Amino acid sequence: TEDFYRMKAVKSEAEIEALKKAAYEYDRLFIAMPLVLRPERLEKEAVNELRQRMMWQGAESETPGFHTMVGLTSSREGAPSDGESINWPGRRIMDGDRINVSVRGYYNNGCAAALGRSFVIGEAAAETRRCWEAAVAAQAKAAELARPGATLREISKTVNSYLTELGFVPGESAWIYGIGTSAYEAPRNVDSSADWPLEEGMVLVIGPEVRPEGQDAFSCMDMFVVRQNGAQRLNHTPPTLREI
């Protein structure tokens, strides 16, 4: 029932500590990105290595592809990718590429986690930096608004207005949603739970998408816990555009 999911959305302090540990494992994973995202590698090889590293770190499941959900797109700077899905073996990563990586999955404490960043092989172009800075600023605005009493619908409307002012077309994807013992929980900004008043202790994934025309979206995606003065980030990976 909706009442059940409302109660489930509010985490105890013990649950929040368990989610912090899961978030830390994702921070560890992203430290290794320069080793994974090497020129001349195929996209599928990078995805497979990320799943294998998750298993080495203790991810829950004997089938990494089932419980480790990796989103990876790569393209030349300023160009669109070949598509969201990776058909074997995917394109070959080259110097000058921008690579978007998002990972969702489970660790052996039963908690899910999520993290997403963009990377550039070489030096990032000025427009790429501008788009990434907009993604980080949009996330910070959403996190600051994520206080008890606010709703995801209100937060989404404010962030979308901000992105419109910057010249971007806001996306309608589920870029803000709950997380806990499932990788995708209520409240979500795509159904009726978007109107639930937030409560202290809710844990959210926040990653507004900044999508330049004809290109892959930029998304700085992290886990946050709702507190009285705004959402507190649980991940510790710096919100920077990393040049490899």
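**Exercises on a predicted model**

At 43% relative accessibility, Phe 4 counts as partly exposed, a class lying between buried (under 20% relative accessible area) and exposed (over 50%), with a 1.4 Å probe and protein chains only. The model is predicted, so that local features need pLDDT of at least 70 and side-chain atom pairs count only at pLDDT 80 or more, while totals for chains, interfaces and linings use all residues. Residues are numbered from 1 along each chain as its sequence is written, and side-chain values use heavy atoms, with hydrogens and water left out.

**Exercise 1.** Determine in which helix Phe 4 lies and which residues form a nonpolar patch with Phe 4.

*Solution.* Start with the element: Phe 4 lies in helix α1, residues 2–9, where helices are DSSP runs of H or I with at least four residues, strands are runs of E with at least two, and both are numbered from the N terminus. Then turn to the surface, where Phe 4, Tyr 5 and Met 7 form a nonpolar patch with about 360 Å² of accessible area together.

**Exercise 2.** Establish whether Ser 102 is buried or exposed, and list what Ser 102 is in contact with beyond its neighbours within four places in sequence.

*Solution.* Ser 102 is found in strand β2, residues 97–106. Because its relative accessible area is 17%, Ser 102 is buried. With those sequence neighbours left aside, Ser 102 is in contact (heavy atoms within 4.5 Å) with Met 69, Val 70, Gly 71, Leu 115, Gly 116 and Met 221.

**Exercise 3.** Work out the strand order of the five-stranded open sheet, and describe the surroundings of β9.

*Solution.* First, the order is β5-β4-β6-β9-β10, with antiparallel pairing; two strands pair if DSSP finds at least two bridges between them. The edge strands, each pairing on one side only, are β5 (185–188) and β10 (232–233). Helix α7 (residues 152–165) packs on this sheet, touching β4 (176–178), β5 and β6, and its direction makes about 155 degrees with that of β4; axes are lines fitted to C-alpha atoms, for helices over the stretch in contact, and angles run from 0 to 180 degrees between N-to-C directions.

Next, follow β9 (residues 222–225), which four bridges join to the antiparallel strand β6 (residues 203–206). Val 203 stands opposite Val 225, and Ile 206 stands opposite Asp 222. Towards β10, β9 pairs in the antiparallel sense over two bridges, with Val 225 opposite Gln 232. The hairpin of β9 and β10 has six residues between the strands, and Gly 230 takes a positive phi near 115 degrees there.

Finally, both faces of β9 are covered, since Asp 222 and Phe 224 on one side and Met 223 and Val 225 on the other are all buried.

Notes
Patch = residues over 30% accessible without salt bridge, like charges linked within 9 Å, V, L, I, M, F, W, Y side chains within 5 Å. Areas by Shrake-Rupley, 256 points an atom, 1.4 Å probe, with all protein chains shown as cover. Salt bridge = Lys/Arg side-chain N within 4 Å of Asp/Glu carboxyl O.
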